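Me: I'm new to this one and would like some help reading it. Could you walk me through it step by step?

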6 protein chains.
Amino acid sequence: MLRIHVVNPNTTRSMTEKAAKAAQKAVGSRAQIIASQPEMGPVSIEGFYDEAFSVPGMLAEIKKKEADGVAGHVIACFDDTGLEAARSIATGPVIGIGEAAYHAASLLAGSFSVITTLSRSIPALKTNLARYGLITRCAKVRAAEVPVLSLEEEGSPAVARISEEIARAKREDDCEAIVLGCAGMADLAAKLSTEHNIPVIEGVSCAASFVCALAELGLKTSKLGGYARPLPKPYLGSFAGFAPD
Amino acid sequence: MLRIHVVNPNTTRSMTEKAAKAAQKAVGSRAQIIASQPEMGPVSIEGFYDEAFSVPGMLAEIKKKEADGVAGHVIACFDDTGLEAARSIATGPVIGIGEAAYHAASLLAGSFSVITTLSRSIPALKTNLARYGLITRCAKVRAAEVPVLSLEEEGSPAVARISEEIARAKREDDCEAIVLGCAGMADLAAKLSTEHNIPVIEGVSCAASFVCALAELGLKTSKLGGYARPLPKPYLGSFAGFAPD
Amino acid sequence: MLRIHVVNPNTTRSMTEKAAKAAQKAVGSRAQIIASQPEMGPVSIEGFYDEAFSVPGMLAEIKKKEADGVAGHVIACFDDTGLEAARSIATGPVIGIGEAAYHAASLLAGSFSVITTLSRSIPALKTNLARYGLITRCAKVRAAEVPVLSLEEEGSPAVARISEEIARAKREDDCEAIVLGCAGMADLAAKLSTEHNIPVIEGVSCAASFVCALAELGLKTSKLGGYARPLPKPYLGSFAGFAPD
Amino acid sequence: MLRIHVVNPNTTRSMTEKAAKAAQKAVGSRAQIIASQPEMGPVSIEGFYDEAFSVPGMLAEIKKKEADGVAGHVIACFDDTGLEAARSIATGPVIGIGEAAYHAASLLAGSFSVITTLSRSIPALKTNLARYGLITRCAKVRAAEVPVLSLEEEGSPAVARISEEIARAKREDDCEAIVLGCAGMADLAAKLSTEHNIPVIEGVSCAASFVCALAELGLKTSKLGGYARPLPKPYLGSFAGFAPD
Amino acid sequence: MLRIHVVNPNTTRSMTEKAAKAAQKAVGSRAQIIASQPEMGPVSIEGFYDEAFSVPGMLAEIKKKEADGVAGHVIACFDDTGLEAARSIATGPVIGIGEAAYHAASLLAGSFSVITTLSRSIPALKTNLARYGLITRCAKVRAAEVPVLSLEEEGSPAVARISEEIARAKREDDCEAIVLGCAGMADLAAKLSTEHNIPVIEGVSCAASFVCALAELGLKTSKLGGYARPLPKPYLGSFAGFAPD
Amino acid sequence: MLRIHVVNPNTTRSMTEKAAKAAQKAVGSRAQIIASQPEMGPVSIEGFYDEAFSVPGMLAEIKKKEADGVAGHVIACFDDTGLEAARSIATGPVIGIGEAAYHAASLLAGSFSVITTLSRSIPALKTNLARYGLITRCAKVRAAEVPVLSLEEEGSPAVARISEEIARAKREDDCEAIVLGCAGMADLAAKLSTEHNIPVIEGVSCAASFVCALAELGLKTSKLGGYARPLPKPYLGSFAGFAPD
């Protein structure tokens, strides 16, 4: 059976588990989900600085699972942390959950709005959308102004805020679908879709399903150009162990 | 079990069968592929005029299969013939094979070149790429200058021409993957990928796999905006039977 | 004298007559307007599905008039139904009324807003604008939420709704001109322009005048690339008679 | 009868006459062409500096002809010299010959290449194309490397150079039409079109015909936003006489 | 010591002095600012017509100062009047204050909004932003609807209007910095930045500082392509003295 | 006196020294350059993986120098490694050398080509150019196919390869300036500019000079949106010491 690695780039284990569960549900019996999070780094990713410190530990997990022969990887943070570096060391497909959600939404609707956590994350998401080419499909990126970890708290008002923002997007953005912009929202999509009568897409299940699909088709990450394997060279200091070989 | 409808918009049955076979292989035991082609229309689609006469018959097939309760549809022509009209009458996902190949390539490589049949088809493909947002990921659209139906002939020189054009794309386009631009090329991808040592992506298997994936996740085509269901109204003359109800 | 064909892609004769009248007024004594509508298809075009069923009948009319030696064609539906297929079988110029209105507005103003009928039509218009390159000149596409055929009814509230939407566009869009987004609005432009003190452009007269202008200059539709004549091939079933020869 | 003003922004009378002749031929008996050139300024426009010194004199001519009640203006230089300033003082339409040629080409072909005189003019043309939105329709801007005034010389090798460049554009650019990029090429279009079997478009006749068309339709330049009439204010020194009133 | 020429393209001496003062303060003791304004032309630049009449006199000043051997030029009008013509006759760097402010803002913030004087100036600014490539960094161009010369009046309500518009930009535009869109606002930046707690950037100091920086690095304006030196040719009439030699 | 921090994101001290020297020369006596490189990480940055492992150590250096009160930072790697994370913890300006070179080139020329080291780096540079908005100014990104560290070797053939590629860019790209795409090329610009008679821009001196300029003007990095200071939160494992406070 295919094994697919879901890596949560932050160090909060409850988020890893939520993502693993959503991913396993998405792929069903076609693949076994193996989940991990970095040994070092931030407990949540809210902006560029947190992102920078989540990548090395995440790449270490990807390297380990590559050695174990997994079929592909899901990066379970909505800003697709370290996606390109991960691709350069992976053989199979690597898909970020933001990326997956944007592609899925583009296959189901003419345009979509994104609801993320904090407004400080909006520029990174817009940069990603432009890089993928799908910014022309995005009506608006909105922040519900809820901290990432509040989504892990029972009874948090975060869900109500997200629901309000979806209502506003439907009213103001001329959007035809909603993308939930945080791995921590993975369990909310179905309920919000019913409530607002609009496709609501969360990226973990999409990414797991797409990695599985591409792996089943025998498709692999390109090794030409930007995703070529890292050249062997010394890494100094405490990163010596991460040097490409 | 999920049933997925693969519609070949032209009326050449051998292409329908080739597409059905590739699709069934892609989804394996997860879904049953049901294939069809229009009762009326051109034997191949090579330009805008052929495309116009393939859509009504194709929509009729989609309508029938919707009534039968299929989970989604694949449009098995690389110019994604009638994709938007099809979405407006479908409940589940509808994916064109051109669209699917571009999305898959974008998940595996930074950029891709497309090899299609005739140069007269290039403008339609570029329009689609721009509409999907993925034209920024496309290095170049190339024509091998082989007629569509030559791909159905045993021992045709078409395959050699396509292979030559892939070699040129690798040399001149700075592309990191290749997309095969015709449903009739569905059986060539694996061999060409090995030959040229670059991911070669064909859309039938990708589209079938993505429709299956989205359907399994419970995701449906948006009914807001452009894909809203057609309004009931009279259709005159020989199209009276196609009127929305 | 030049003869110019105005084809209304829907099957409502009153719209054909309104368009023919506007076109004849636009070209005056320089050309004779010959009008037609398809023998089969929807009574109005409101979305992608209706559009698909209006094209075959419209192309049949264009083919007949080409055989009669007309100098060019106007496609009198604002979503420029079947424009590219029509060009592939025409010798002289073929212009859609949406296209004509966008070009005219771009020659008179730095930016324009479009007022169309129903919001379900907005995505198709935006796709066209992007394809023509003129989306950068378009401030906003707005829907007055009036059904197409309500424009044919005496005393309909549709005109008041359109006027309100123009007022809103002037206030909110920073636009310098207005484009009326439906063939059925052809008789409203002058009055609305005076009322709102802004250029209000409708496409039927622009398209007729531009086709006439290009024909007088001896300019013809390119036969290279996307508008190359259809290749001869069999068309099956009830479309056999439409096969290119 | 409508009177249309063709202003040649440079001070070479033979170019004015050639443009006037092409314009009169284009509008036939529908309008009387009135031609002028500035009293001061460069004998040809080859780059940004020449352009700057051609505008004041050209605007003076436009102002005079506005006072005479002309129906509209053609700016007969391919870089559309002073187009926006001209629009701000005109009531009727004002069209530049570059602009007109790009719009005409976009109505006849999916893409076009431009053949201009000197490569130093290419950046200005690209800026214009981007401003009009039509750069997405332009395959390439090429220079034949012939000085503007060489086009006025009998037996000049300039025509042969232009023809060579058209051949190269057909071969290398995937273009479907050619735009001639200098007013001085107005008399070459028909012959080059026959020679190369591709639509060849020159802007003087297109601009004259389009101004005539828009004027006949009663359409005027917008007076909102960028083309609002200049505010009254003192102009100092030798430009005092040009102050708006 | 480097000498840098600040040219105010309008003929209002108080604006020249304000700009010179801001520029000298910006470069400190590294360079001597030499200021000028044209001998002829409008007292303020509010739209395309004024702009056209400010360029010849401004180029004359640049030519004189080039002959004097200055190290570079600042064009002290926010619409970067005549920038490209100026570059074609300059050896050292030439920077417009609009351009400088957009570049500075792009180095300090992810996105910026512009507050200019009158809405009639907005289209010219957007055209410039698109030409520079930085329109993707610009959240919105806003007009405070204050005439340029009102900024020269003691106790004018213009400053309050600008401050209000900054508050609105912060609230509505998701912008991360503010650009002041008129040379006459050069003295307001620091105060407004403190008041609104957001970087507020004015272009005179940025342009002077950047010209000085590039000149110190020995960098010069390219003489290839669009900024090639004007070709020698006759200029007729009262512009004879401006002919390139 | 201002102190400006130049951080070389790789761990090769000779590159740090070369950059520091170029930066000090650029700012002269206006500022004191303080240089550093990370304690951990790759000896050169050639692709996304190396980049990921250079950021944490680089951010540590920036944090230390912020505490020391430097006026701003230069990131001395041409792919502007970690630029956005750096901005989120800096008070003064932070400029990457790629970014600085692109902005400088845009102020001196209409278009530029980039010559970088290896083709695997091209995608990252294009992504940056798109993010900055300046990709529309870039004619082509070329690779000389020389490893980064070969630039540190006496008598390396790398310089000849770069010179050849500049010649090709001049011939094929219609570019008006050249940008050298690696910090290790900082000492080559002047010689290559003379050799090829085209502005050749290297980013270290530009970045140092621009940081100095912005700091002298009192301008600071925005703290709104994407560059807001990191929120305090735990960082686990060996990155605990890097947690924001």
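Reply: Sure. Let's start with one pair of residues: Ser113(B) stands opposite Lys140(B), which belongs to E7(B). Keep in mind as we go that this is a predicted model.

Me: Which strands pair there, and in which sense, parallel or antiparallel?

Reply: First the general idea: strands of a sheet pair through backbone hydrogen bonds, and the pairing is either parallel or antiparallel. Here, strand E6 of chain B, residues 112–116, pairs with E7(B) in the parallel sense, over 5 bridges.

Me: What is the order of the strands in that sheet?

Reply: Read across the open sheet of 4 strands in chain B and you get E7-E6-E8-E9, with parallel pairing. At the edges sit strand E7 (138–143) and strand E9 (200–202) of chain B, each pairing on one side only. From one strand to the next, the twist averages 25 degrees.

Me: Which helices go with this sheet?

Reply: Try helix H5 of chain B, residues 122–132, which lies across E6, E7 and strand E8 (177–181) of chain B. H5(B) runs at about 155 degrees to E7(B). Then find helix H7, residues 189–196 of chain B, which packs on the sheet and touches E8 and E9 of chain B. The direction of H7(B) makes about 165 degrees with that of E9(B).

Me: Let's move to chain A. What is the strand order in its open sheet of 4 strands?

Reply: That one reads E2-E1-E4-E5 in chain A, and the pairing is parallel. Its edge strands are strand E2 (31–36) and strand E5 (94–96) of chain A, each with pairing on one side only. On average, neighbouring strands of this sheet are turned by 20 degrees against each other, direction ignored.

Me: How many bridges join E1(A) and E2(A), and which residue stands opposite Arg3(A)?

Reply: Strand E1 of chain A (residues 2–7) and E2(A) pair over 6 bridges, in the parallel sense. Opposite Arg3(A) you'll find Gln32(A), in E2(A). While you're there, look for helix H8 of chain A, residues 203–216: H8(A) lies across E1, E2, strand E4 (72–75) and E5 of chain A, at about 160 degrees to E4(A).

Me: Now the chains together. How many residues do chain A and chain F each bring to their contact?

Reply: A general word first: the size of an interface is often given as the accessible area lost when the parts come together. For this contact we can count residues instead: 45 from chain A and 45 from chain F. Among the elements giving two or more residues on the chain A side are helix H2 (48–67), helix H3 (83–89) and helix H5 (122–132) of chain A. H2(A) gives the most, with 9 residues. By type, the chain A side divides into 25 nonpolar, 12 polar and 8 charged residues.

Me: Where do strands pair between the two chains?

Reply: Look at E3(A) and strand E10 of chain F, residues 235–236: they pair in the antiparallel sense over 2 bridges. Gly41(A) stands opposite Leu236(F), in E10(F).

Me: How is chain A laid on chain F?

Reply: By a turn of 180 degrees and a shift of 0.0 Å along the axis, with an RMSD of 0.0 Å. The two copies are therefore related as by a two-fold rotation axis. In chain A, the C-alpha nearest the axis is that of Ala52(A), at 3.7 Å. The same surface serves both copies, since 100% of the contact residues of chain A recur in chain F.

Me: What about chain A and chain D?

Reply: No contact joins those two, and their closest C-alpha atoms lie 15 Å apart.

Key. Residues numbered from 1 in each chain as written. Chains lettered and ligands numbered in written order. Predicted model: local features only at pLDDT ≥ 70, side-chain atom pairs only at ≥ 80, totals over all residues. Contact = placed C-beta atoms within 7 Å. Nonpolar A, V, L, I, M, F, W, Y, C, P; charged D, E, K, R; others polar. Pairing = 2+ DSSP bridges. Axes fitted to C-alpha atoms, helices over the stretch in contact; angles between N-to-C directions. Least-squares fit on C-alpha atoms with pLDDT ≥ 70 in both.
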